[in-house]
Every structure is written in C-alpha cells, then in structure tokens.
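Here's a quick briefing to read with the structure open beside you. Take it one topic at a time and look up each residue as you go.

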Amino acid sequence: MVNTQATPEQTRPAETGEGGGRPRLLLVDGHSMAFRAFYALPAEKFVNSAGQATNAIYGFTSMLVKLLREEQPTHIAVAWDRSEPTFRHEEYAEYKAGRSETPPEFPSQVGLLQELLGLIGVTSLSVPGYEADDIIATLTTRGLAEGMDVLIASGDRDTFQLVGEHCTVLYPGRSLSDLIRMTPEAVEAKYAVPPERYCDLAALVGEKSDNLPGVPGVGPKTAAKWLAKYGSLDALVAHAHEIGGKAGQNLRDHLDDVLRNQRLNRLATDVELGVDVTGMTLGHWNRDGVNLLFDNLEFASTLRDRLFAVLSEQAGDDSAEPVQDEGFSVELVDPAPGTLGDWLAAEIAAGARTGVALEWSGERGGDIIRLALAVPSGRAVCLDPTQLDPADEAALTAWLADPAYPKVLHGVKWALRALWARGWTLDGVESDTAIAAYLLEPGRRNFELATLCLRYLGRELTEHNAEGAQLTLDLEGTGDDQDTARRELALRALATVELALALDAELTRREGLDLLHNLELPLAEVLARMEDAGIAADLTYLRDLEAEFAAAVRQAVDEAHRLVGREFNLGSPKQLQQILFDELGLPKTKRIKTGYTTDADALAWLAAQTDNELPVILLRHRDQTKLRTTVEGLIKTIAEDGRIHTTFHQTVTATGRLSSAEPNLQNIPVRTDAGRRIRRAFVVGEGYEQLLTADYSQIELRIMAHLSEDEALIEAFHSGFDFHAQIASRVFRIPVDQVDGEARARIKAMNYGLAYGLSDYGLAQQLGISPKEARVLMEEYFSHFGKVRDYLEAVVVRARREGYTATILGRRRYLPDLNSDNRQRREMAERMALNAPIQGSAADIIKLAMLRVDRALRENGLASRMLLQVHDELVLEVAPGELDTVRELVVEHMSQAQQLRVPLAVSVGVGPNWHDAAH
DNA sequence: AAATCGACGTA
DNA sequence: CGTACGTCGATTTG
C-alpha cells in the first residue's frame with residue numbers, strides 16, 4: 001500500500017470504476033524523487049559492469065511502477081530542476097547555498113532516467129529559471145481547471161501549499177515505497193494549519209536545506225499558533241508589534257527574513273510550458289528501446305516485467321502475459337491429525353530446503369505458539385505445537401532434528417532457544433537470512449524479513465492473492481485472527497526460503513558462503529547456549545553497591561548545590577553550561593551544537609584552570625551516577641534463575657564484532673577501582689566451581705603485524721618481551737630497560753592509534769604534544785616499521801579500487817564513501833577502511849576460537865560452559881574438577897584459532913567472580 | 001510516546 | 001581532527 005495516513009479513495013472518484021469519473025493527473029518531482037531513490041538504495045550495489053551507477057534509476061522506476069499500478073493515473077508528467085540559477089537566486093543570492101555537493105554517481109542517472117521516461121511515453125519537463133515545483137504548481141492549476149484530480153509525488157514540502165480537495169501530495173516517508181498521503185486533513189493534522197497557510201508557516205520556521213533561516217526559537221508549533229490567531233502571515237506581520245515574549249521579539253528582529261522566505265516559498269503557477277496538460281496521457285511506449293536500456297543498465301527481469309505489465313495495463317493491452325508483480329503465493333494446507341509425517345514425506349524431498357518460521361509468546365523467548373514450514377513451491381503448513389497429535393509431534397520433532405532435511409530460518413538463534421525450551425532439537429540449518437544479509441551488507445540497519453524481501457527479491461512481504469484468500473476464508477466463516485496469524489507465519493516461512501536462495505547467489509558471488517556456513521551459523525548455536533546459560537549475579541551485593549553509589553551521588557549533589565547557592569540538575573548539560581559559563585564565568589570549553597561541552601575532558605581542564613571546586617564535584621557526580629545507573633540496570637535484568645541473560649547480536653556491527661544488549665555486558669566498568677567492584681557481582685553459579693576469563697593480549701596489534709608482514713613488529717611479538725617497550729626502544733633508539741613509562745605510553749597510544757587511522761593532529765591531542773612533534777614521532781616510528789605504513793596505505797588504495805575491505809576470513813565491509821567528494825566523509829571512510837580489517841579479523845579469530853572451545857568442551861563431555869564474549873575475552877563457568885582441563889583447552893583453542901605470522905598470546909585468570917578471575 | 005543529543009562505559 | 005558498540009537522562013518533537 002502506498003498510503004499510511006489515509007485511504008486512496010480520498011482522491012479517487014467514489015465508486016465510478018475504471019474509465020468513469022475525473023481524469024487523474026500524476027505529477028512527479030524528478031530530482032526530488034530520484035534523490036530519495038539514490039539514498040534509499042546502496043550505490044555500491046547498483047553499478048553495471050561499465051561502472052555506471054543505477055541505484056536512483058532503479059529506485060525511481062520501482063516507485064513509478066508502483067504509482068502507476070496503485071493510482072491508475074490517466075495523465076502523467078515528470079518535472080525537473082535545471083542547473084542554472086532561478087528567479088529565487090536572483091532574489092536571494094544565498095538560496096540553497098551551503099548544500100553539500102551532489103554525489104558524483106547521481107547526475108548521469110538523471111539523463112538516463114529522462115531517456116527512460118521518453119521511451120515509456122511519459123512527458124518530461126524543465127524550464128530555465130524555474131524549479132520543478134513551479135512547473136508542478138502550474139500544471140496543478142491547469143489540471144484542476146480541467147476538472148482533474150491531481151497527485152503530486154515530491155519530497156519537497158513546498159508542494160504542500162498546493163494540497164486541496166482534488167490535489168494530494170505523496171510525500172516520501174521512511175522509505176521510498178512508503179509514500180505518505182498529504183490530503184488537506186493530513187496537512188492540517190501534521191502542521192495545524194490548512195494547506196494554503198503552509199507556506200506562511202514555512203516562512204516563519206525557515207528551511208534549512210534551502211538555506212532560508214526562519215525566526216529563531218520558532219518551530220512549527222509556535223508558527224501554527226500565531227497563524228491560527230491572526231489568520232495569515234500578512235495579518236501576523238501587521239500585528240507583530242503586539243506579540244510578547246522572546247519569540248515576539250525574535251519575529252520583529254527577523255521580519256525581513258520571514259518576508260523574504262514568503263516570497264521565495266510561493267510557487268509560480270504561470271510558468272510558460274508550451275504543452276497542454278490534457279495531452280499528457282500515457283501513450284505509446286517503445287518496448288525494444290526499454291529492453292535495450294535495461295540490458296545496458298543490467299537490470300534484472302523483475303523490474304522490467306513489472307514495468308511492462310503496468311504499461312500494458314495502462315494501454316489496455318491484454319495480450320501481455322500476466323506476471324506476478326508482488327507478494328508470495330502461499331498454499332496453506334492442513335494435514336489431517338496423524339498425517340503430518342506423510343505430508344512431510346510427500347512434500348519435502350530429502351535435500352530440498354524448507355523455510356521454517358516460529359512465533360512465540362512474549363517478547364524474548366517464551367513458549368512457541370505457532371510453527372510454519374514452507375517449501376519453495378508455496379505449499380506450507382502451520383502448526384500449534386501444543387495441539388499436536390502425538391504421532392504428528394513425533395514426526396515433526398524427528399524431521400526438525402534430522403540434518404538430512406535442510407532448513408532455512410530468519411533469526412535462527414531465537415528459534416533454537418525456543419525449540420530447546422520445548423525439549424526439541426533443530427539440525428540441518430543451511431541459512432539464516434538475517435545473517436546472510438548481514439554478511440552481504442554489514443552496515444545495514446534493518447534486517448527485518450520484509451525489508452530484505454523488498455531489497456533482494458523486489459517483492460513485498462504480502463500474499464500475492466491476499467484479497468482472494470481473505471475473501472474465501474471470510475465466506476467460510478473462519479476468518480478470524482488465528483487464521484490471519486497462521487497465514488502470516490506461513491508467508492514468512494515461504495519468504496524465508498525464497499529469500500535464502502537469492503542471498504545464497506549473492507553471497508557466492510561475494511565469496512561469503514563459507515563464512516556463513518562455517519562461522520556465523522554454527523556460532524549462532526553457541527551464542528544461543530551462552531544466552532540460555534546467562535551469568536549468575538549476586539543480588540544482595542549489587543543492592544549494597546547501589547546504595548553506596550547513590551549515597552555518593554547525593555553527597556555530590558549537596559556539595560554542588562551548596563557551592564552554587566541554589567538547587568539545579570547536575571545531570572543537565574544545559575543547566576551546567578548556564579552555571580559554569582554564564583554565572584561563574586569560567587573559561588569556555590570546546591564548542592558543540594548546543595553551546596560548550598561539559599564532558600569529562602572539559603571538566604578536568606576547567607578544574608585545572610580555576611580554583612573553583614565545582615568541576616571536581618561534577619566529575620565525581622558523573623562518575624558515581626554512571627556507576628549507580630549501571631548497577632541499577634543490572635539489578636533490573638536479573639532473571640528468576642538469579643542469572644543475567646544478555647542478548648548477543650550477530651548482525652549489528654559493521655566490522656563483524658558481536659554486540660551485547662539488554663543488558664550490555666560488554667561495557668561493564670574495569671578501569672577504575674570503583675568500577676571494578678561491579679565485576680565482583682558477577683559470580684560463579686550453583687553447581688560450578690570457578691569463573692575463568694581468557695583474553696587475547698594485543699590481538700589487534702598482532703593482526704596489524706601479521707597483515708603488514710613487518711619483520712620488526714613480527715620479531716617483537718615473537719620475543720615475548722613487553723611489546724610497547726620494545727617498540728619504544730627502537731623508536732627512541734634507547735635500550736629496552738631504559739624505556740620509561742612516559743615513552744612506553746606514547747608508543748602504546750601510537751600503536752593503537754595506527755589501527756584506528758590516527759592523524760598527527762589526533763596523536764598530538766592524545767599525547768598533549770604539538771602536531772609537529774607528533775608528526776616527527778610518526779616519521780621516526782615509520783622509519784623503523786616501514787611496512788606498517790606501506791600496509792596502511794595499501795589497504796585504503798585497495799579498498800577504494802575494490803569498494804570494500806576484507807578480513808582474514810574474507811568478511812567484507814563496503815565503503816562507498818572512499819570515493820566521496822566530501823572530504824570529511826571520505827576521510828572518515830578511510831579511517832574505517834584502516835580499522836575494519838584489523839578489528840574485523842580480531843572478531844573473526846575470537847569467533848573461530850569460540851567454535852573450537854565450545855566443540856572441545858562438548859566433545860570431551862565437560863560440564864563447564866562459555867558464558868560471555870567481550871571482543872577479545874571469553875568468560876567461562878568451570879564445573880567442579882574441570883579447572884585444569886578447561887584452562888588448558890581454552891588456551892590451546894584460542895591461541896590456535898588461526899595461524900598468523902605472530903603467536904596469539906592468551907592470558908587466563910580464575911576466581912569466584914569476574915573481578916577476581918581477572919589477571 | 002518517540003526521537004535525538006550529550007555523555008560515558010567497554011574493546 | 002583514531003575505530004567499534006549500548007545505555008542513560010535530559011530535552012525536543014510529535
């Protein structure tokens with residue numbers, strides 16, 4: 001569905017059917033929509049072999065197809081901006097100044113899009129001196145005069161002023177395919193002004209992207225309030241003198257801006273176009289031409305088929321073969337009780353993949369309430385595990401546990417935990433569509449099934465014949481929520497199995513299948529066990545700790561209030577700024593958006609700058625508050641079994657690391673004494689003897705040594721002596737035993753800095769020396785470790801050429817910004833390119849180690865188990881009598897996880913709690 | 001109620 | 001003006 005706010009019928013003629021009623025005119029803002037498409041689809045994924053970017057073309061065309069199909073316009077035109085200045089620039093030279101430059105992959109796509117529109121018989125318009133909006137406003141006026149219903153697809157809010165009874169704007173929401181229907185009611189609901197007043201509101205508020213400042217401190221709310229009171233901007237201006245408060249003064253001070261905005265916002269409705277709106281019907285289209293163009297762009301057949309289908313429909317051409325243009329065809333069957341085994345045997349040949357989808361009660365875990373299986377032909381079953389015939393249950397559990405029947409799931413870790421909770425097992429998992437998509441695009445934010453279907457199959461997560469199916473069910477009198485839920489889950493199972501196929505193909509091309517099968521999928525099972533296990537927490541101890549931290553917070557608050565002479569919120573950066581810089585007149589710190597920073601660095605600096613005790617108190621307050629909230633958070637997450645069960649996310653980080661959430665057990669304090677006390681709350685559980693921690697020493701630096709093949713670095717790691725001191729000894733040309741703490745610290749900072757893409761400026765900042773000194777230090781460093789510099793440079797060059805970085809195991813991270821014209825973006829991407837292979841390889845290695853450790857524990861019949869992973873550290877719970885075996889096994893498998901040019905050192909500690917298990 | 005920001009904990 | 005995260009409270013926006 002296009003709309004999210006209102007029904008399409010609002011602008012459609014009521015019950016007139018096709019061919020009757022008013023003509024419908026669709027007007028598209030070409031640049032605006034193409035730009036949205038450009039940013040909605042990853043540029044690096046849409047490039048043909050000639051290097052032409054196609055993401056905007058693809059996205060725009062999909063959107064157009066959807067609009068044609070769902071809105072059934074009788075007339076259509078696409079308006080384009082031109083590069084030369086418009087009358088708005090003449091009025092206001094700064095108009096749209098300060099916009100970041102157009103991405104280089106964009107402009108060439110506009111030409112191709114216009115070519116495509118020509119081929120499918122859609123009018124393209126652009127007029128010198130005017131923007132697309134003005135053309136659209138003009139056509140809207142004329143269309144309305146001709147008795148048409150007008151639809152405007154545009155991402156420019158200025159078009160809202162055109163909205164009316166017969167004119168709706170389709171404004172892109174979260175995604176390009178999610179167009180929000182801006183009817184008069186929707187505009188009024190969103191902005192509290194009628195559409196014809198929208199430009200007045202925009203004039204008051206201003207428009208950042210057009211570089212049109214509005215009245216400071218006046219947002220849509222205030223502006224709407226004023227307009228409601230005075231009726232219009234003109235009336236408001238006439239009464240500007242009587243408006244009180246700061247906002248009123250600001251209005252008077254910025255009246256010129258507002259009046260200028262008003263002139264610039266108003267769209268021209270009298271642009272000379274030379275064509276008549278009635279002639280903009282959808283007419284002849286050139287099938288061969290479109291085929292040739294799409295071949296050149298290397299577009300898959302799906303988009304082409306959909307385009308041809310909708311064009312044929314428009315042209316009343318019934319000869320075209322029907323294509324399934326969206327959705328999935330689910331055939332949900334209900335085997336009679338006791339016959340599930342027969343169905344499975346008949347429907348699912350051994351070796352053929354099945355999509356499996358589960359639904360459970362509650363948010364995390366809970367009981368399975370439904371389970372659906374679907375095969376690619378579309379046939380599916382949906383079962384309620386609690387209502388199963390005993391024979392069926394036996395057949396199902398045997399099938400689930402049989403590795404000869406390959407399965408694909410979306411989010412296998414949760415499924416495993418849910419199935420295990422029922423005492424069932426799952427084997428033969430060949431893909432997890434979320435993880436597969438993550439390996440393809442680790443930077444992706446959203447891995448929902450529906451999103452991936454759209455992205456990789458070009459289809460919505462809906463049933464192809466949903467309306468028909470619904471109708472049948474309703475006629476039979478069974479159309480209740482249960483049936484909908486069953487059909488939906490079957491749909492998910494089917495979508496998963498179809499999606500897995502597409503992801504497999506792509507993953508094969510990108511050499512990521514091995515990573516999926518031999519690393520991430522088996523790891524998901526290990527993580528499921530770790531999450532199920534959780535880590536025992538000492539609740540009494542945590543409560544005491546909380547009370548203690550809370551008391552310290554209260555004391556800091558009291559001291560601060562006494563010092564300042566009144567009460568204020570120490571937790572509010574805003575109030576802090578007010579007090580520190582305005583009232584106390586302390587020196588200004590680094591500028592941030594909202595004024596001056598009050599972060600820990602700045603407070604420490606202030607403490608040194610002045611005699612005022614406040615910064616010190618604030619630092620202590622920050623510290624203790626942070627500790628208190630950490631402890632509070634932990635207490636809240638202790639489960640009924642007295643343990644904390646974090647969730648390890650496997651598809652979140654761009655580099656390949658895991659992340660931990662609810663609660664995050666990867667950021668439990670360790671650096672300070674007070675912080676470390678929290679680690680004492682993580683204790684060994686009943687039935688176990690010790691906690692054991694094992695971590696990699698300097699794994700990232702070892703990886704840098706390995707990847708750079710720098711002999712001196714490699715040698716330093718082989719010698720086994722203090723690494724940083726050895727490097728410092730070389731850089732400063734002094735014997736190792738004369739390296740002092742200061743020199744070692746500098747080199748340590750540089751060692752790690754290099755792995756992060758550090759600049760001389762950044763190093764200077766970090767070490768408190770001048771950039772020049774930092775540069776000298778770096779030069780000296782590289783004179784001894786030249787291959788490191790060569791490696792770091794080569795990484796970026798290669799990533800720029802290939803579009804991605806790769807880890808030791810071939811995990812890729814795509815970095816299109818390496819070719820950005822924007823320096824800041826480009827340099828950011830370069831630092832990411834430097835860091836990703838190092839951080840990502842470390843992630844690969846510890847994941848390998850986890851698989852090996854987990855397998856070794858199980859194969860040796862040990863009861864000890866892994867509980868946590870903290871990037872370079874594993875925490876295990878050791879069963880009685882197993883300590884020596886486990887210690888040896890963990891060290892062996894962690895250090896042998898991957899052969900490198902340097903040894904992988906692992907240090908181990910043991911104790912009754914996480915703190916004491918440190919080493 | 002949800003989104004955003006500043007701040008800060010970890011590797 | 002080194003990387004990668006998640007969470008909190010305050011604040012803003014809807």
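Chain A is split by the domain assignment into domain 1 (21–184 + 269–279), domain 2 (331–510), domain 3 (535–638) and domain 4 (700–840). Keep in mind that this is a predicted model. Below we look at the layout of the chain, its cysteines, and then the two DNA strands, B and C.

**Layout of the chain**

- Pick out domain 2 and domain 3: their C-alpha centres are 50 Å apart.
- UniProt, in an unreviewed entry, lists residues 675–882 as "domain: DNA-directed DNA polymerase family A palm".
- Across residues 675–882, helix makes up 60% of the chain and strand 12%.
- The C-alpha atoms at the two ends of that stretch, 675–882, sit 30 Å apart.

**Cysteines without a bridge**

- A quick reminder: a disulfide is a covalent bond that joins the sulfur atoms of two cysteines.
- How many disulfides does the structure hold? The count is zero.
- Why does Cys 167 not form a bond? The closest cysteine sulfur, in Cys 199, is 14 Å from the sulfur of Cys 167, and that is too far. For a disulfide, the two sulfurs would have to be within 2.5 Å.
- Looking from the other side, the sulfur of Cys 199 has Cys 167 as its closest cysteine partner, at 14 Å, so a bond is out of reach.
- Is Cys 167 buried or exposed? Cys 167 is buried, and its relative accessible area is 0%.
- Cys 199 is buried too, with a relative accessible area of 12%.

**Around DNA strand B**

- There are 21 residues surrounding DNA strand B, and the closest are Thr 597, Thr 598, Ala 600, Val 670 and Arg 671.
- Which part of DNA strand B does the protein meet? Among the strand's atoms within 4 Å of the protein, 80% belong to sugar or phosphate, and the rest belong to bases.
- Thr 597 uses its side chain: one of its polar atoms there lies 2.9 Å from a phosphate oxygen of DNA strand B.
- Val 670 uses its backbone instead, with an N or O atom 2.6 Å from a phosphate oxygen of the strand.
- Arg 671 also has a backbone N or O atom by a phosphate oxygen of DNA strand B, at 2.8 Å.
- Helix α25 (residues 614–637) gives the most to the surface near this strand, namely three residues.
- Sort the residues of that surface by type and you get six nonpolar, six polar and nine charged.

**Around DNA strand C**

- DNA strand C is surrounded by 31 residues, and the closest are Ser 572, Ala 654, Ser 659, Glu 662 and Gln 766.
- Of the atoms of DNA strand C that come within 4 Å of the protein, 70% are sugar and phosphate.
- Glu 662 has a backbone N or O atom 2.7 Å from a phosphate oxygen of DNA strand C.
- With Ser 759, a polar side-chain atom is 3.1 Å from a phosphate oxygen of the strand.
- Gln 839 meets another part of DNA strand C: a side-chain N or O atom lies 2.9 Å from a sugar or linking oxygen.
- Which helix gives the most to the surface near DNA strand C? That is α34, with five residues.
- At least two residues each come from α25, β20 (659–661), α31 (760–767) and α34 (823–859).
- By type, the residues of this surface are eight nonpolar, 16 polar and seven charged.

Methods:
Residues are numbered from 1 along each chain as its sequence is written. Chains are lettered from A and ligands numbered from 1 in the order in which they are written. Side-chain values use heavy atoms; hydrogens and water are left out. Domain bounds come from an automatic or database domain assignment. Buried means under 20% relative accessible area, exposed over 50%, partly exposed in between (1.4 Å probe, protein chains only). A residue is near a molecule or strand if one of its heavy atoms lies within 4 Å of it. A polar contact is a pair of N or O atoms within 3.5 Å; within protein, one must be able to donate a hydrogen and the other to accept it, and residues adjacent in sequence count only if both atoms are side-chain atoms. Helices (H or I, at least four residues) and strands (E, at least two) are DSSP runs, numbered from the N terminus. Ala, Val, Leu, Ile, Met, Phe, Trp, Tyr, Cys and Pro count as nonpolar, Asp, Glu, Lys and Arg as charged, and the others, Gly among them, as polar. UniProt positions are given in the numbering used here, feature names are shortened, and annotations may be inferred rather than shown by experiment.
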